[in-house]
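This briefing covers the salt bridges, the metal site, the pockets and the backbone geometry of one structure. Please consult the sequence and coordinates shown here while reading the points below.

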Amino acid sequence: MRIGIDVGGSKIEGVALTNRGKERARIRVPTPVGDYSATLAAIGALVDRLERETEPAASVGIGIPGAISPATGMVKNANATWLIGRTLDRDLAALLGRPVRVANDADCFATSEAADGAARGLAIVFGVILGTGVGGGIVVQGAPLAGANAIAGEWGHNPLPWPEDDERPGPLCYCGKRGCIETFLSGPGLALDHSAAGGQNIPASEVVRLAGEGDARAEATLQRYEKRLARALAHVVNILDPNAIVLGGGLSNIQRLYARVPQLWSAWIFSDHVATCLLRNRHGDSGGVRGAACLWPPPDA
Ligand SMILES: [Zn+2]
């Protein structure tokens, strides 16, 4: 049995997979935002519950919105900022009494979707999380590309490319810079953009619902979002030239993105024809847990 845990900005999700990759149990709990000890305890309790529902002594892989720094062994680049500077892998290993593997959540997501998901069998895959934060992961020939600094694919804290005048300098990001892609394309970013343009102060999911009902202001917000996503992804295509880009996270549920964004992005992609596909994930908006479970090979492999 392999357990995968995905630590998100609003929820922690756990899944227990059989050695053949079949899902046996899945549990979601709210993230104890801002509290490191409570986050450790919540992960420990989740592993306990999954093992009680399935079988004990599972391997545990964790996906986090950040990375363990190869230089310090501590978490860096996490929009769940209370994890930054913590030795999460070692603390969880002590708590759970077994080694754990920790990887970037977007890398887990991309690996899972490239293995048996929407981008199965494709050579170069860019996996994107559009959720509380914005992350990216690169998979080449089925293997995640970690990189020398463990940041490969982390384009969420690059500036929004080809900005329009009213997008400069852009909203302040938790990383200390302004105008990061994350500040425009995350769920809170979409919600902030909507209220800044005179709309109601409502979550991204509500903006999407209103746009579906024909609300003009919500529709305009979604059109701005689509154009920004197209520019942000065009930038990636010009560097990585992936076969597919797979979207995950809560905002990947906006079905119109898959038709609209590829209509827009060719304006910024340096190619006569764009073969890259924009795909909705196959494993649901929480596909990262499967990739986290697969950080360990099956015991009999
Ligand atoms: Zn940033």
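Which residues are linked in a network of salt bridges? In this predicted model, the network comprises E167, D193, R224, R228 and R231. The points below begin with these charged contacts and then turn to the zinc ion, the two largest pockets and the backbone.

**Salt bridges**

- Side chains of opposite charge can pair when their charged atoms come close.
- The count of salt bridges in the model is 16.
- One of them pairs the side chains of E167 and R228, with an N to O distance of 2.8 Å. This contact links distant parts of the chain, since E167 lies in the loop between β10 (143-144) and α4 (181-185) while R228 belongs to helix α7 (residues 216-240), 61 residues apart.
- E167 has a relative accessibility of 6% and therefore counts as buried, the limit being under 20%. R228 is likewise buried, at 6% relative accessibility.
- E167 also forms a salt bridge with R231, whose closest N and O atoms are 2.8 Å apart. Here too distant parts of the chain are linked: R231 sits in helix α7 and E167 in the loop between β10 and α4, with their positions 64 residues apart in the numbering.
- R231 counts as buried, with a relative accessibility of 2%.
- A further salt bridge joins the side chains of R256 and E226 at 2.5 Å, N to O. The partners are 30 residues apart and connect distant parts of the chain, R256 being in the loop between β11 (244-248) and α8 (257-265) and E226 in helix α7.
- The two partners differ in exposure class: R256 is partly exposed, with a relative accessible area of 22%, whereas E226 is buried at 1% relative accessibility.

**Zinc site**

- The zinc ion is coordinated by ND1 of H157 and by the SG atoms of C173, C175 and C180, at distances of 2.1 to 2.3 Å.
- Along the sequence, the spacing of these donor residues follows the pattern H-x15-C-x1-C-x4-C.
- Why is the arrangement around the zinc ion tetrahedral? The 4 donor atoms subtend angles of 103 to 117 degrees, and four donors count as tetrahedral because all their angles lie between 85 and 135 degrees.
- For reference, the ideal angle for four tetrahedral donors is 109.5 degrees.
- Two of the cysteine donors fall in separate accessibility classes: C173 is buried, with a relative accessible area of 7%, and C175 is partly exposed, at 33%.

**Largest pocket**

- The largest pocket holds about 710 Å³ of space.
- Its lining consists of 39 residues, and those nearest the centre of the pocket are I129, G131, T132, G249 and G250.
- At least two lining residues come from each of β1 (2-7), α3 (105-116), β9 (134-140) and α6 (204-212). The greatest contribution is that of α6, with 3 residues.
- By class, 21 of the lining residues are polar, 11 are nonpolar and 7 are charged.

**Second largest pocket**

- The volume of the second largest pocket is about 270 Å³.
- This pocket is lined by 15 residues, with V102, A103, N104, D107 and A146 nearest its centre. Two or more lining residues are given by each of β5 (67-68), β7 (100-104) and α3.
- Its lining comprises 11 nonpolar, 3 polar and 1 charged residues.

**Backbone geometry**

- Most residues other than glycine have a negative phi, and most peptide bonds are trans.
- R168 and P169 are joined by a cis peptide bond, with omega at about -5 degrees. P169 is located in the loop between β10 and α4.
- A57 has a positive phi of about 60 degrees, although it is not a glycine. This residue lies in the loop between α1 (36-53) and β4 (59-64).
- Is A57 buried or exposed? At 71% relative accessibility, A57 counts as exposed, the limit being over 50%.
- N77, another residue other than glycine, has a positive phi near 60 degrees. N77 is found in the loop between β6 (75-76) and α2 (88-96), and it is partly exposed, with a relative accessible area of 42%.

Methods:
Residues are numbered from 1 along each chain as its sequence is written. This is a predicted model: local features need pLDDT of at least 70, side-chain atom pairs count only at pLDDT 80 or more; totals for chains, interfaces and linings use all residues. Side-chain values use heavy atoms; hydrogens and water are left out. On a 1 Å grid over the protein atoms alone, a cavity is a set of points where a 1.4 Å probe fits but cannot get out, and a pocket is an open set with protein on both sides within 12 Å along at least five of seven lines; lining residues have an atom within 4 Å of a point. Grid points are joined across faces, edges and corners, and a volume is the space filled by probe spheres set on the points. Helices (H or I, at least four residues) and strands (E, at least two) are DSSP runs, numbered from the N terminus. Ala, Val, Leu, Ile, Met, Phe, Trp, Tyr, Cys and Pro count as nonpolar, Asp, Glu, Lys and Arg as charged, and the others, Gly among them, as polar. Donors are N, O and S atoms within 2.8 Å of the metal (3.2 Å for Na, K and Ca); water is not among the atoms, so sites may look incomplete. Four donors count as tetrahedral if all angles lie between 85 and 135 degrees; four count as square planar and six as octahedral if opposite donors are over 155 degrees apart and all others between 65 and 115; anything else is irregular. Buried means under 20% relative accessible area, exposed over 50%, partly exposed in between (1.4 Å probe, protein chains only). A salt bridge is a side-chain nitrogen of Lys or Arg within 4 Å of a carboxyl oxygen of Asp or Glu.
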